[in-house]
Amino acid sequence: MRRSVSIASLAAALVFGVGALSAGPKSFVVSAQQKPETMEVKIDNFSFGPATLTVPVGTTVTWTNRDDIPHTVVSTDGVFKSKVLDTDEKFSFTFSKAGTFPYFCSIHPKMTGKVVVQ
Amino acid sequence: MAGKGRDEILHDHNHDGIDRRGFLKCMAWAGTGAFCVIQGGVLKSYSLSRLPELGPKETRGELSFVQISDSHMGFNKPANPDVAGTLKAAVDKVNALPVAPEFMLHTGDISHLSKPEEFDTVDQILKSAKPKDVFYVPGEHDVLNDDGKQFLERYGKGSKGAGWYSFDKSGVRFIGLVNVMNLKAGGLGTLGHEQLEWLEDNVKHLKHSTPIVVFAHIPLWSVYPEWGWGTEDSAQALGYLKKFGSVTVLNGHIHQTMQKVEGNVTFHTAASTAFPQPQPGKADSPGPMKVPAEQLKSVLGITDVNYVQGQHALAVVDSTLA
């Protein structure tokens, strides 16, 4: 008797798993229980795009330098700081707390952006 | 076609040596080079094509030195896949000058990514230059990742703070300043309180007749703040130099020649030996400008400076590598 219950719950778990998968990637954003989302910021023409990125808590943001000139991604408040990124190099940071995180390129400080974590 | 007057300042209404048309013309010369004579704070400039018409008075002096800038060793993108080759060409140009310069100033961005091997390559190439002494100030590309520690170890002997210093040659006070450290979000180049205090003290007891040459990487005048081409606290620095009859400010960073005169101060930026950048606002960003390979050397260059004692004059000559 005990054995059939555990099999039933296992079956239920499988069904739930399949259901979650078939719901498509959008459901992952909605549910805080799911694997964290990754978002991209592209560096083009001495600017961060998008300049303001709004993401849920737990999101990993990846910056990619697509310029012919090196850039950095440095948090104005000292929360994160990349090494220098040459062409096509990337930097990632996972935002585990809510808040607004302004950042800039420490080589070209006119380049600024922010990540809003909700 | 270049009749007399075409290439020199004619419209100096305010008698301050600044002529808008002449200034813009100087800007347009980026790539062809300019010869400039500064007398009592007034700039006379000629296109390089007129050099043969000028007498030895303008091209000789008690002191001559060369400014090179922005070698960006390690850069290998389409704008110039051979920055070592063009630096060598710059050295050849220096070695071919009729009067061997006494020394060289390098106004920063020696390396592209602050890698030891990039600095090593530049050091090796500059060894073949006739002038043996080279005085450096860092560019932002020379102080990546380590707050300038490596730069100071290599080039900063005897300097103060982040690498500022002064020295005297033939009665001229040369002052190397650092404005690429601790840059703030949204801001421009910065000298900082400590360096400004040092500068004030450095020139306090000098005679007003002492010619001053200041060199730093980012322009100490507002070339184009939208692209970060300026220095936040440069006005304070220049304030300490107001009393002097002849002040020449030499910068790099913008990879093109540009000049202007403000009272007793002549500002000049040097071409890069590596790759050109667009004129202010003429492109989406100040990124490297790709020009046809056969034109590249015409937009790279060196700057030769002559000081004639008693004339309060420094003659600034830009030469392309072409």
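What share of the contacts in chain A with a separation of 6 or more comes from residues 24 or more positions apart? The legends below start there. The model is predicted.

**Figure 1. Chain A as a whole, with two helices and eight strands.** From the N terminus on, the elements run α-α-β-β-β-β-β-β-β-β. The two helices thus appear at the start of this order, ahead of the strands. Residues 24 or more positions apart account for 44% of the contacts with a separation of 6 or more. The chain has 118 residues, and buried ones make up 25% of them.

**Figure 2. A cis peptide bond in chain A, between G49(A) and P50(A).** Look at the bond that runs from G49(A) to P50(A). Its omega is near -5 degrees. P50(A) sits in a loop. That loop lies between β2 (47-49) and β3 (52-55) of chain A.

**Figure 3. N45(A), a residue with positive phi.** The phi of N45(A) is about 50 degrees. This residue is not a glycine. Find N45(A) in the loop between β1 (38-44) and β2 of chain A. Is N45(A) buried or partly exposed? N45(A) is partly exposed, because 13 other C-beta atoms lie within 10 Å, and a buried residue needs 20 or more.

**Figure 4. S114(B), a residue with positive phi in chain B.** Here phi is about 60 degrees, and S114(B) is not a glycine. Its place is the loop between β4 (103-106) and α4 (116-126) of chain B. S114(B) has 24 other C-beta atoms within 10 Å, so S114(B) is buried. The cut-off for buried is 20 or more.

**Figure 5. Helix α3 of chain B, residues 83-95.** The helix has 13 residues. At 1.5 Å a residue, they should span 18 Å. The end C-alpha atoms are 18 Å apart, so the model agrees with the expected span. Which residues of α3(B) are buried? They are V83(B), A84(B), T86(B), L87(B), A89(B), A90(B), V91(B), K93(B) and V94(B). An α-helix has 3.6 residues a turn, so residues three or four places apart point the same way. Keep that in mind while tracing the buried residues, among them V83(B), L87(B) and V91(B).

**Figure 6. The contact between chain A and chain B.** Chain A gives 19 residues to the contact, and chain B gives 18. On the side of chain A that touches chain B, eight residues are nonpolar. Six more are polar, and five are charged.

Definitions and conventions
Residues numbered from 1 in each chain as written. Chains lettered and ligands numbered in written order. Predicted model: local features only at pLDDT ≥ 70, side-chain atom pairs only at ≥ 80, totals over all residues. Helix = DSSP H or I, 4+ residues; strand = E, 2+ residues; numbered from the N terminus. Expected span 1.5 Å × (residues − 1). Buried ≥ 20, exposed ≤ 12 C-beta atoms within 10 Å, placed from the backbone. Contact = placed C-beta atoms within 7 Å. Nonpolar A, V, L, I, M, F, W, Y, C, P; charged D, E, K, R; others polar.
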